[in-house]
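Please look through the sequence and the model below before reading on. The explanation moves from strand pairing to the empty spaces, with a short stop at one buried residue.

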Amino acid sequence: MKPTLKYFLLLFFACLSQFSWSQAVQLSPDNIDNNGFDYAKVIGQDEDGIYILMSNLSLESSRDRFGLKSRKYEISYFGYDLQPKWRKTIDAIPSGGSLESIGFFNEKPVIITSLQPRSSGEFQLYLSVLNGKGEYEVNGLKVYTHSITKSAELAKPRLVISPNRRFLGVATEEAGSGNIQIHYCCVNDSFKVSFQFKSEINYPAKNAELSEFAISNSEDLLFLAFTKDISESKKSRLRQYKIFHVNKQENKMTEYDFNRVDQYMNEAALVIDKVNNKAIITGFFSDQTSFAGASLLYATLPLGSKEGLKINSGKLNNEAQLKFIGQRNTGSGASLISYPIRNVIPRNDGGAIIIAEAAYLSEYSFYDYFTQTFNRRLEFHFDNILTLSVNADGSVHWSQLIRKEQTSMDDEGLYSSFNTVLTPDELTIIYNNDIGRSNEITGNSIDPSGEMKSKKNQQKSDSISILPRAGKQVDENTFVCPAVTKKRLFLVKFEV
């Protein structure tokens, strides 16, 4: 069954994390980096303005911990005319704790602080909330406490929001010499604690890693974990993915297998389908019988019922194979198995739109004779984008491949990658093309039938480079993101 225009319209209102495309570009009247904070990210909006998280260090690093002494944070508030209204330095509350995570929930910035009193051996999480005037509406509310092992390492808490926007979940993992412990609490839209849970994952931390957290409208927590096959017969360290479901009603955690040990997989993705009340799990696995070298696993887990996990696999259709193989044979880009899935947008018929990108790192070292030292450099690659419309049975309805090549050095790909823009008529993928002085902002729009058109939003002489991953849709037809022009940081607004 082909998706219709109606299904795209439904998705727009169901998925607030998606975006609207605009032909007009408006820069903020003044640069926003005059406060010593050179990095910015749009985190949310209310009726009157837009909230920007700013920092003196990069916001792209997955290894950052907000409690580092050298790291500082500020939340800035702008009107829809991109004029500044106020800004506020963010500190840990309580003051003796570590500032862990900053997010956005119920139209307000939320701050999570952790505290580990030495005498008690406990791990505590505190919630603070700012209102639209930059004042604390909630000031250091304790939302979770539990004992931990003294030698354990705690990961940065992950903030996840339910599809109906009524619940904020906070989950973190405790890794020590034994198995992984999972700590989880849920806060409702009145900022009251509604659920707490702690359990153990029966895998040692050295052999497993957690990823892709999500919560349902009934406050169930779901997440993925992959285990590494390090047996003597398998030297390739295969990743075998597991799905964990914390059921609030039953107060228990259930584990499911996703891919088999012979289905080599690099990454998997998880999303909650609000319309059909189920979780969708998907990922590419190595398949020598496929001309593309890989096939797709597509699994669904009904929520609120006794049905178990249902797994389907689908091969790329002939059209998709020709597109992908033609690009692979040119010698550029990465194989499909190396395409991390960036976004999964549920369709109302049980299928999904899957967007993956050929993103990878390359590393090299060289000897500097002038300083007489060895130097290590990291190259960040963000290349082709593959978009698939997948049916509920895992078969591919249509596919599109956007060819791009973005390479940068030691900057975590600040101007690279893309963002998606969703309107009732089309899905648009927006990115920088030819990053540098001749950069132009480019969009590729795809309609519900899979037809793609290319459009260029900006002339090269404008010299504007957006930070695509730091942007967000702020209303039905407005998309805002940070951008750099003339070596200064601005906000840029796209309106339809």
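What follows is a walk through selected parts of this structure, which is a predicted model.

A convenient place to begin is the open sheet of four strands, whose order is β2-β3-β4-β5 and whose pairing is antiparallel. Its edges are formed by β2, covering residues 39-45, and β5, covering residues 84-90, each of which pairs on one side only. Neighbouring strands in this sheet are turned against each other by 25° on average, when direction is ignored. In a regular strand, side chains alternate between the two faces of the sheet.

Within this sheet, strand β4, made up of residues 73-79, is joined to β5 by six bridges, and the two strands run antiparallel. A reader who wishes to locate the register of this pair can start from S76, which stands opposite R87 in β5.

Further along the chain, a set of pairings involves strand β25. Strand β24, residues 352-368, and strand β25, residues 373-390, pair in the antiparallel sense over 16 bridges, and one point of reference along them is E363, whose bridge partner in β25 is L378. These two strands form a hairpin with four residues between them, and in the turn Q372 has a positive phi of about 55°.

Strand β25 also pairs with β26, residues 396-402, to which it is joined by six bridges, again with the strands running antiparallel. Here I385 stands opposite I402 in β26. The hairpin of β25 and β26 has five residues between the strands, and G394 takes a positive phi near 90° in it. A further antiparallel pairing links β25 with β27, residues 406-409, over four bridges, where H381 has T407 of β27 as its bridge partner.

From the strands we can turn to the spaces between atoms. Rolling a probe the size of a water molecule over the atoms shows where empty space is left. How many cavities of 30 Å³ or more does a search of the whole structure find? The search finds two, and the largest cavity holds about 50 Å³ of space. Its lining consists of Y39, A40, K41, L59, E60, L414, L467 and A470, a group that divides into six nonpolar residues, two charged residues and no polar ones. The lining also leads back to the open sheet, since Y39, A40 and K41 belong to the lining and the edge strand β2 spans residues 39-45.

The second largest pocket contains about 300 Å³ of space. It is lined by 17 residues, of which H245, N247, E250, G304 and S305 lie nearest its centre. Three strands, namely β17 (238-247), β18 (252-257) and β21 (294-302), each supply at least two residues of this lining, and the largest share, three residues, comes from β18. By residue class, the lining of this pocket divides into four nonpolar, seven polar and six charged residues.

One of those strands, β21, is also the place of S295. Is S295 buried or exposed? Because its relative accessible area is 2%, which lies under the 20% limit for a buried residue, S295 counts as buried. The side chain of S295 is joined to that of D287 by a polar contact of 2.6 Å, so the description of this residue combines burial with a polar partner.

Terms used
Residues are numbered from 1 along each chain as its sequence is written. This is a predicted model: local features need pLDDT of at least 70, side-chain atom pairs count only at pLDDT 80 or more; totals for chains, interfaces and linings use all residues. Side-chain values use heavy atoms; hydrogens and water are left out. Two strands pair if DSSP finds at least two bridges between them. Axes are lines fitted to C-alpha atoms, for helices over the stretch in contact, and angles run from 0 to 180 degrees between N-to-C directions. On a 1 Å grid over the protein atoms alone, a cavity is a set of points where a 1.4 Å probe fits but cannot get out, and a pocket is an open set with protein on both sides within 12 Å along at least five of seven lines; lining residues have an atom within 4 Å of a point. Grid points are joined across faces, edges and corners, and a volume is the space filled by probe spheres set on the points. Ala, Val, Leu, Ile, Met, Phe, Trp, Tyr, Cys and Pro count as nonpolar, Asp, Glu, Lys and Arg as charged, and the others, Gly among them, as polar. Buried means under 20% relative accessible area, exposed over 50%, partly exposed in between (1.4 Å probe, protein chains only). A polar contact is a pair of N or O atoms within 3.5 Å; within protein, one must be able to donate a hydrogen and the other to accept it, and residues adjacent in sequence count only if both atoms are side-chain atoms.
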